[in-house]
Amino acid sequence: MSILQGLRGGIANGVPSGESRDPIGFAVAGLRKLSQSPALDRLGVRKQTEQVVFTVTRGGFKTMAATSRAFKKKGKRGAPGVRVPNAIPKGVFDLTPSEDEQMLVDVVTEFAAEVVRPAAAEADEACAAPDELLKSSLEIGLPILGVPEELGGISETRSAVAGTLVAEALAKGDLGLAVAALAPGSVATALGLWGTDEQQQTYLPPFTEGSVPAAAFALNEDKVLFDVLSPSTTATRTADGFVINGAKSLVARGAEAELFVVGAALDGKPVLFLIESSTDGLIIESEPAMGVRAASLTKLTLTDVKVPATAVLGETDGSTYTEAVRLSRLAWCALSLGVGQAVLDYVTPYVKEREAFGEPIAHRQSVAFMVANIAIELQAMRLVTYKAASRVAQGIDATREIALARKLCADKGMQIGLDGVQLLGGHGFVKEHPVERWYRDLRAIGIMEGTVLV
């Protein structure tokens with residue numbers, strides 16, 4: 001196959017099929033393809049080539065969003081979609097995972113340790129998740145975790161607890177790669193929670209039949225004093241639908257996404273819209289951030305994007321949008337638990353082995369107390385997050401619990417990252433150790449809105 005053929009659209013090349021690339025788009029795709037060639041090892045130039053790929057990727061790209069996938073409209077217009085029932089309350093405060101949940105967590109934990117963690121450093125440098133890792137995440141059922149069993153998913157009851165446990169286990173491997181792997185499933189979960197029969201029959205089959213599309217939630221905006229519940233992106237009613245204008249930031253895997261869930265203000269209320277990437281008026285730009293870099297974060301600009309009336313996901317009174325924000329914040333809390341646990345597991349043996357003045361630094365009270373504080377705060381974060389997830393699964397209002405979890409995980413998560421770097425001293429500042437990446441990733445917990453949800 002020629003190089004030009006290899007640069008055509010397609011998920012394997014980082015952009016949707018049929019995409020019209022500009023020159024920098026071809027350059028990025030070509031360099032990424034080149035960096036995967038085994039010939040680089042024979043020639044001894046892999047390191048130099050990877051540096052070039054990183055530099056160009058960091059510099060950014062700008063391209064029209066498009067795809068050749070045709071989502072054929074199916075189902076009954078206006079008919080309600082399938083919903084999973086709420087979990088049955090146990091009657092006691094018991095956060096012990098069920099047998100099925102524990103089995104799923106064990107599989108994801110093994111995947112995070114054996115596949116995600118070894119790929120994390122290179123993915124962070126390249127600002128992209130390896131294709132092989134993303135394909136492997138599909139095999140363990142991540143995209144259909146929140147999809148009703150009746151529609152081909154695996155949810156017999158509301159899966160908020162399972163989703164929380166999976167996000168935590170996956171983030172212990174790497175937060176950026178966890179976000180990249182979970183992003184499509186978040187859109188599928190949203191369709192299962194709020195989609196109409198037509199929306200579910202149109203968009204869910206690819207998720208459940210193996211040809212999982214990249215998909216992304218887009219709620220963040222790069223505005224000063226941004227309030228996620230008051231988006232600047234607007235939707236205006238027309239005779240046959242809506243016209244959407246605005247810009248979304250920190251969109252995971254936006255360059256390859258085939259379906260977006262975009263938040264916009266409609267008649268003064270925040271509303272979710274389903275937008276296919278082939279829709280005219282979408283432009284994607286790379287937007288590498290301080291952390292979560294492996295998720296291939298992008299900026300999505302919408303200019304006079306026209307969507308039909310059936311593109312509305314859920315209610316137009318703001319209730320669906322608000323619920324999506326809460327479930328997203330719960331997901332980010334779960335992700336912070338995984339990264340925080342990774343920090344604790346890494347620094348504990350380090351301080352026992354690292355010697356200063358003839359003895360392990362763990363013998364110093366200041367060091368021992370700092371490690372103990374990480375464990376204490378992490379357990380508090382875990383309990384409040386699990387409690388919120390349990391209430392969501394049972395259909396009980398969890399507004400207060402999610403707000404508490406968000407505050408605690410954002411504040412203490414950043415402190416755990418800072419303490420991890422501090423405990424390693426000079427080693428915490430260099431990339432030889434992963435704590436500097438975890439520090440950068442944990443600062444996203446209080447900033448990111450949308451992207452993933454449970």
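# A tour from one loop to the core

At 19% relative accessibility, threonine 279 counts as buried, because the cut-off for that class is under 20% relative accessible area. Select this residue to begin, keeping in mind that the model on screen is a predicted one. Threonine 279 sits in the loop that links β6 (269–276) to β7 (282–286), and if its side chain is displayed, it can be followed to the backbone oxygen of glutamate 276, which it reaches at 2.7 Å.

Before moving on, zoom out to the whole chain. Its secondary structure amounts to 13 helices and 11 strands, and of its 454 residues 55% are buried. When contacts between residues at least 6 apart in sequence are considered, 76% of them join residues at least 24 apart.

**Along the chain from β7 to β8**

Next, select serine 296, in the loop between β7 and β8 (297–308). Its phi is near 55°, a positive value in a residue other than glycine, and at 16% relative accessibility serine 296 counts as buried. Extend the selection to leucine 297, which belongs to strand β8 and which, with a relative accessibility of 5%, is likewise classed as buried. What does leucine 297 touch, once residues up to four places away in sequence are not counted? Its partners are Leu250, Val251, Ala252, Ser286, Glu287, Pro288, Ala289, Gly291, Val292 and Met448. For a distance to draw in the viewer, take the C-alpha atoms of leucine 297 and alanine 255, which lie 8.6 Å apart in space although the two residues are 42 apart in sequence.

**A positive phi in another loop**

Now go to leucine 225, in the loop between β2 (215–218) and β3 (234–238). Here too phi is near 55°, positive in a residue that is not glycine. Is leucine 225 buried or exposed? Leucine 225 is exposed, with a relative accessible area of 81%, whereas serine 296 counts as buried.

**Helix α6 and its two sides**

Select residues 131–139, which form helix α6, and colour Asp131, Leu133, Leu134 and Ser137, the buried residues of this helix. Looking down the axis of α6, one finds these buried residues within an arc of 165°, so they line one face of the helix. As background, an α-helix has 3.6 residues a turn, so residues three or four places apart point the same way. On the other side of α6, give a second colour to Glu132, Lys135 and Glu139, which are exposed. To see what covers the buried residues of α6, add α5 (99–126) and α8 (175–194), both of which are included in that cover. Just after α6, stop at glycine 141, where phi is positive, at about 85°.

**The second largest cavity**

Keep α8 on display and turn to the internal spaces, where the count comes to 3 cavities of 30 Å³ or more. The second largest cavity has a volume of about 180 Å³, and to centre the view on it, select Leu145, Gly163, Thr189, Leu453 and Val454, which are the closest to its centre among the 17 residues that line it. Which helix supplies the largest share of the lining of the second largest cavity? That helix is α8, with 4 residues, while α7 (160–171), α8 and α10 (319–353) each supply at least two. By class, the lining of the second largest cavity is made up of 10 nonpolar, 6 polar and 1 charged residues.

**Into helix α10, then out to α11**

From the cavity, follow α10 to leucine 335, which is found in that helix. Leucine 335 is buried, its relative accessible area being 0%. Show its contacts as sticks: leaving aside residues up to four places away in sequence, leucine 335 touches Ala167, Ala171, Leu175, Ala178, Val179, Leu182 and Val452. One of these pairs deserves a distance label, since the C-alpha atoms of leucine 335 and alanine 171 are separated by 5.3 Å, with their positions 164 residues apart along the chain.

The last stop is alanine 375, placed in helix α11 (residues 365–393). At 33% relative accessibility, alanine 375 counts as partly exposed, whereas leucine 335 is buried. To close the tour, draw the C-alpha distance from alanine 375 to valine 343, a separation of 9.9 Å between residues that are 32 apart along the chain.

Note on methods. Residues numbered from 1 in each chain as written. Predicted model: local features only at pLDDT ≥ 70, side-chain atom pairs only at ≥ 80, totals over all residues. Heavy atoms only, no water. Buried < 20%, exposed > 50% of the residue type's maximum accessible area, 1.4 Å probe, protein only. Arc of directions from axis to C-beta. Contact = heavy atoms within 4.5 Å. Polar contact = N/O pair within 3.5 Å; in protein donor to acceptor, adjacent residues only side chain to side chain. 1 Å grid on protein atoms, 1.4 Å probe; cavity = no way out; pocket = protein on both sides within 12 Å on 5 of 7 lines; lining within 4 Å. Points joined across faces, edges and corners; volume = space filled by probe spheres on them. Nonpolar A, V, L, I, M, F, W, Y, C, P; charged D, E, K, R; others polar.
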